[in-house]
Amino acid sequence: IPGYRGRDEEVFSKGPPRVTYVPEALCEKESSIFAHYESGINFDKYDDILVDVSGSNPPTAIMGFEEAALCESLNRNVIKSGYKKPTPVQKHGIPIIAAGRDLMACAQTGSGKTAAFLLPILQQLMVDGVAASQFSEIQEPEVIIVAPTRELINQIYMEARKFAHGTCVRPVVVYGGISTGHTIREILKGCNVLCGTPGRLMDMIGRGKIGLSKLRYLVLDEADRMLDMGFEPAMRKLVASPGMPAKEDRQTLMFSATYPEDIQKLAADFLKKDYLFLAVGVVGGACSDVEQVVVQVTKFSKRDQLLEILKTTGSERTMVFVETKRQADFIATFLCQENVNTTSIHGDREQREREQALGDFRSGKCPVLVATSVAARGLDIKDVQHIVNFDLPNNIDEYVHRIGRTGRCGNTGRAVCFFDPEVDSNLARSLVKVLSGAQQEVPKWLEEAAFSAYGTTGFNPGGRTFASTDSRKGGSFQRDGASHLAAALSSGADDDEWE
Ligand SMILES: Nc1ncnc2c1ncn2[C@@H]1O[C@H](COP(=O)(O)OP(=O)(O)OP(=O)(O)O)[C@@H](O)[C@H]1O
């Protein structure tokens with residue numbers, strides 16, 4: 001029989017082929033573990049951002065890492081990471097978490113949210129003296145961290161590994177697109193801090209490799225994304241899993257740069273009643289270290305305009321965001337034909353290819369990365385100077401995350417966005433708000449587009465200078481109707497994790 005290769009061969013198996021990809025082993029050299037880029041000239045300006053903590057009895061903020069009373073190894077790792085002074089989300093977040101409180105924290109992109117939760121959690125594990133056991137067939141982590149994409153959870157894992165270096169706390173990462181056998185072997189070597197995307201995480205729990213009875217910390221990074229329509233069912237399933245401590249018996253921590261009010265309300269289901277809400281600056285505001293430029297285009301002129309921009313950026317790292325996976329392939333191919341060194345990342349590429357693409361971009365081998373929204377959130381890549389929104393997303397929060405891939409940690413960056421009035425006018429109003437909120441110039445034509453798109457009632461682009469908006473306060477935050485729904489539907493189009 002043609003193609004017959006024996007009874008147990010994959011030829012006859014149903015469903016997608018088995019994933020066999022195993023990522024390369026990580027470099028164990030300290031220079032690699034602690035590799036970092038420098039904070040930028042605006043790092044100290046973080047201190048000028050208004051901070052609002054709401055909820056009862058918040059602990060006092062710390063001013064320096066020494067006040068965090070970290071143990072010696074953690075302190076050493078903080079120093080080796082090049083951190084001299086905490087950012088605002090760390091100054092407030094660290095003592096809140098150390099005090100055992102639940103937290104919903106909102107702080108601008110690139111301002112150090114990851115360390116704000118990792119450091120106090122690791123510190124507590126060190127105090128309690130946990131040690132990963134290699135001899136157990138079921139591993140029971142003290143900490144679970146979830147994030148929406150594979151590359152982001154891997155990055156969080158790398159941060160956890162860095163801060164836990166030289167301690168007996170063992171972080172492990174699990175995500176789709178890599179060999180399940182490999183994942184299980186890594187878990188069984190011992191696991192205190194489990195970083196995972198929801199699909200693979202639930203799979204490991206379902207297979208009985210991960211038990212939840214020792215869980216003390218549940219962290220949702222990009223929390224608004226984790227609780228929108230795409231992932232909410234998985235999160236509900238996770239907290240309802242057998243053995244999962246009730247919310248009263250665990251600490252639940254949520255972080256993001258954006259928090260639609262409806263999501264905040266829903267998030268409260270996962271948090272203790274007396275959770276604290278920490279807002280650094282404007283909830284959902286863009287990072288003001290990113291210079292934002294909006295260019296009016298037509299769908300026919302975009303490609304040439306992109307080429308023009310890339311001529312000026314040269315070998316500086318640039319991320320080009322597009323709306324669909326097909327468009328990503330198409331634009332990447334086009335740029336390669338024009339001799340621009342380009343790679344691409346999106347949900348239809350194999351994990352091996354995705355990691356290669358990100359690696360080539362990080363190293364500078366390919367200075368241009370064409371990406372879908374799968375790369376919009378959380379990724380922290382050195383020296384990304386430019387963002388181009390070739391296609392605008394249909395939701396402003398997504399825009400805020402995308403442009404936040406530059407201008408990180410006090411560095412400056414530039415984001416150009418193509419605005420095609422034929423298709424993008426529904427975003428005009430919120431775009432004007434975000435631009436003015438970040439003290440950026442608003443083009444006259446865009447302001448007009450915003451007026452004509454929505455009428456003038458209640459439209460006050462410059463009005464929101466500081467609006468901490470804990471939804472429990474009743475909220476002064478106004479959102480465009482149905483934008484959250486649109487966001488959920490659109491971002492679901494290229495997110496991870498159901499294998
Ligand atoms: N206190 C600090 N001093 C110096 N560098 C820091 C400090 N805190 C964080 N960093 C660095 O700043 C960069 C951005 O941090 P991080 O990725 O945690 O930002 P974020 O707030 O989670 O952003 P996003 O919203 O995009 O996910 C990282 O490279 C991190 O190592």
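Let me start with a rule. Two rings of Phe, Tyr or Trp count as a pair if their centres lie within 6.5 Å. For Trp, the six-membered ring is used. Planes over 60 degrees apart make the pair edge-to-face. Keep in mind that this is a predicted model.

So what does the rule give here? How many aromatic pairs does the count come to? Seven.

Take one of them. Tyr 83 and Phe 163 pair edge-to-face. The centres are 5.7 Å apart, and the planes meet at 70°. That angle is over 60, so the edge-to-face label follows.

Now, where do the two rings come from? Tyr 83 lies in the loop between α2 (72–80) and α3 (88–98). Phe 163 belongs to helix α5, residues 150–163. The two parts are 80 residues apart in sequence, so this pair ties them together.

Next, burial. Is Phe 163 buried or exposed? Buried: its relative accessibility is 0%. The cut-off for buried is under 20%, so Phe 163 meets it. Tyr 83 comes out at 24%, which counts as partly exposed.

The pair has company. Phe 65 joins Tyr 83 and Phe 163 in a cluster linked by ring pairs. There is a charge here too. Lys 162 lies over the face of Phe 163, at 5.0 Å from the ring centre.

On to the annotation. The UniProt record, an unreviewed entry, puts "domain: DEAD-box RNA helicase Q" at residues 63–91. In the model, that span is 45% helix and 0% strand. Its end C-alpha atoms lie 6 Å apart.

The record, again as an unreviewed entry, lists a second feature. That is "domain: Helicase C-terminal", at residues 302–450. This stretch is 45% helix and 17% strand. Its end C-alpha atoms are 21 Å apart.

Which residue has its charged end over the ring of Phe 334? That is Arg 303, sitting 4.4 Å from the ring centre.

Last, the whole chain. There are 499 residues, and 56% of them are buried. The chain holds 18 helices and 14 strands. Now the contacts with a separation of 6 or more. Of these, 79% join residues 24 or more positions apart. The accessible surface is about 21,200 Å². Carbon and sulfur atoms account for 51% of that surface.

To recap: the count is seven aromatic pairs. The one to look at on screen is Tyr 83 with Phe 163, edge-to-face.

Terms used:
Residues numbered from 1 in each chain as written. Predicted model: local features only at pLDDT ≥ 70, side-chain atom pairs only at ≥ 80, totals over all residues. Heavy atoms only, no water. Phe/Tyr/Trp six-rings, centres within 6.5 Å; stacked < 30°, edge-to-face > 60°. Helix = DSSP H or I, 4+ residues; strand = E, 2+ residues; numbered from the N terminus. Buried < 20%, exposed > 50% of the residue type's maximum accessible area, 1.4 Å probe, protein only. Lys NZ or Arg CZ within 6 Å of the ring centre and 35° of its normal. UniProt positions renumbered as here; feature names shortened; annotations may be inferred. Contact = heavy atoms within 4.5 Å. Areas by Shrake-Rupley, 256 points an atom, 1.4 Å probe, with all protein chains shown as cover.
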